[in-house]
Amino acid sequence: MAKKILALLLALALIATFAACATKSTDDSSSASDVTDNAPTVDSGETFQIGIVQILEHPSLDDVRTSMIDELAANGYVDGDKISIDYQNAQGDQTNLNTIVQKFVSSNYDLIVAIATPSAQAAQGATDTIRIVFAAVTDPVGAGLVASLEAPGANITGTSDWISAAQLMGLAQQITPDIKSVGALYCLGEANSVSTVNDLKAWAEENGVEIVEAGFVNSNEVAQATSSLVGKVDAVFSPTDNTVAASMAIVADTLKEAKLPIYCGADSMVTDGGLASYGVNYPILGAETAKIVIEILNGANAGEVPVKTMEQLDIYVNTATAEAIGANIPEDILAQATIVSE
Ligand code: TRP
């Protein structure tokens, strides 16, 4: 009986918890032929209604949004003139996400920009006719958003911030050599994180490194999942996980106290106290997202516009964290890195 209640509670937790841990919608029925082909183009002189949905506010996602809006404006798509932007942030809540995208759909907006994987999955579940441009989605194929990066299909395309776990761990081994075990800190419900952690596991297998799982389902469990790794691993790895990013200050404090390095998916997590990252430039990704939006407003079929991935990855290092945990950053890394220090 106790087991049954536990299973039920777990199931409820999985369904109702913190948004970023949301599971994918099962509505996959969209196909390219559903897309309205009489969509208006910019030359018609009307104002295009664009709904932007963002899972929560953290610096990387904010960079993506503001850079995208700036790039749109720089190309003549000024909010209040040629386009009208309705920006909504779900504050990390799945119910809010669904409410927001449903409102965009019932208002019959011309295009939806969905920032981060949970937002993109919610938008995809809400419409198979309105064009969707996602931004900063780690693994669009793994998250079930597109058929392939080259030919997304249906009414959806966008930008990806895929990073290489092997590259990040290569950096880790230069900063803190002799890593024999790595803790994987991530939200099990974030498809984006699961993909990168799978990449980490492949690297670990090849390099004879042990992975200690610290996956969680609920944002309330981040602190405990972090503590569970103390004394068990040589380093911690966290992908571009929206739930971890939102609690990064707590995570970083716990690990600093334990003198454990954390290698992170994104620069903002380093700014918030993580040790280092090998990641994407989010302002550039935001500008790339704007270019796709413009292409589609000009009549391109979303499903035929390839997903844009970022070729260039940059090193970010937090020197205050390095000092706090007694890590020595090699000179050649310092020379290439963007240094952040809270
Ligand atoms: N890649 C994440 C996703 O697919 C979104 C994201 C972008 C992110 N930058 C981040 C998450 C920084 C955490 C930290 O959902």
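**View 1. Helix 4 is mostly covered.** Helix 4 spans residues 117-126, and eight of its 10 residues are buried. Buried means under 20% relative accessible area; exposed means over 50%, and partly exposed lies in between (1.4 Å probe, protein chains only). The buried residues of helix 4 are Thr117, Pro118, Ser119, Ala120, Gln121, Ala122, Ala123 and Gln124. Helices (H or I, at least four residues) and strands (E, at least two) are DSSP runs, numbered from the N terminus. This is a predicted model: local features need pLDDT of at least 70, side-chain atom pairs count only at pLDDT 80 or more, and totals for chains, interfaces and linings use all residues. Residues are numbered from 1 along each chain as its sequence is written, and side-chain values use heavy atoms, with hydrogens and water left out.

**View 2. Six strands form an open sheet with parallel pairing.** The strand order is 2-1-3-4-5-11. Two strands pair if DSSP finds at least two bridges between them. Strand 2 (83-89) and strand 11 (308-309) are the edge strands, and each pairs on one side only. Inside the sheet, strand 3 (residues 111-115) runs parallel to strand 4 (residues 131-135), and five bridges join them. Look for isoleucine 115: opposite it, in strand 4, stands alanine 135.

**View 3. Helices 3 and 4 lie on the six-stranded sheet.** Helix 3 (residues 94-106) touches strand 1 (48-54), strand 2 and strand 3. The direction of helix 3 makes about 175 degrees with that of strand 1. Axes are lines fitted to C-alpha atoms, for helices over the stretch in contact, and angles run from 0 to 180 degrees between N-to-C directions. Helix 4 lies across strand 1, strand 3, strand 4 and strand 5 (156-160). Helix 4 runs at about 150 degrees to strand 3.

**View 4. Seven strands form an open sheet with mixed pairing.** The order here is 7-6-8-9-10-12-13. Strand 7 (210-216) and strand 13 (338-340) are the edges, each pairing on one side only. On average, neighbouring strands of this sheet are turned by 20 degrees against each other, direction ignored. Strand 8 (residues 235-238) and strand 9 (residues 262-264) pair in the parallel sense over three bridges. Valine 236 has isoleucine 262 of strand 9 as its bridge partner. Helix 6 (residues 191-207) packs on the sheet and touches strand 6, strand 7 and strand 8. The direction of helix 6 makes about 170 degrees with that of strand 6. Helix 9 (residues 248-257) lies across strand 6, strand 8 and strand 9, at about 150 degrees to strand 9.

**View 5. Strand 12 is covered on both faces.** Strand 12 spans residues 314-318, and five of its five residues are buried. In a regular strand the side chains alternate between the two faces of the sheet. On one side sit Asp314, Tyr316 and Asn318; on the other sit Ile315 and Val317. Strand 12 pairs with strand 10 (residues 276-279) in the antiparallel sense, over four bridges. There, glycine 279 has aspartate 314 as its bridge partner. Strand 12 also runs parallel to strand 13, joined by three bridges. In this pair, valine 317 has isoleucine 339 as its partner.

**View 6. Serine 181 is buried.** Serine 181 is found in strand 6 (residues 181-187). Its relative accessible area is 7%. Contact means heavy atoms within 4.5 Å. Leaving aside neighbours within four places in sequence, serine 181 is in contact with Val209, Glu210, Lys232, Val233, Asp234 and Ala235.

**View 7. Helix 2 crosses helix 11.** The axes of helix 2 (residues 59-74) and helix 11 (residues 282-297) come within 7 Å and cross at roughly 45 degrees. That makes helix 2 oblique to helix 11. Angles under 35 degrees count as roughly parallel, over 145 as roughly antiparallel, 65 to 115 as roughly perpendicular, and the rest as oblique. Among the residues in the contact are Ser60, Val64 and Met68 of helix 2 and Leu285, Ala290 and Ile294 of helix 11. The residues of this contact divide into 10 nonpolar, four polar and three charged. Ala, Val, Leu, Ile, Met, Phe, Trp, Tyr, Cys and Pro count as nonpolar; Asp, Glu, Lys and Arg count as charged; the others, Gly among them, count as polar.
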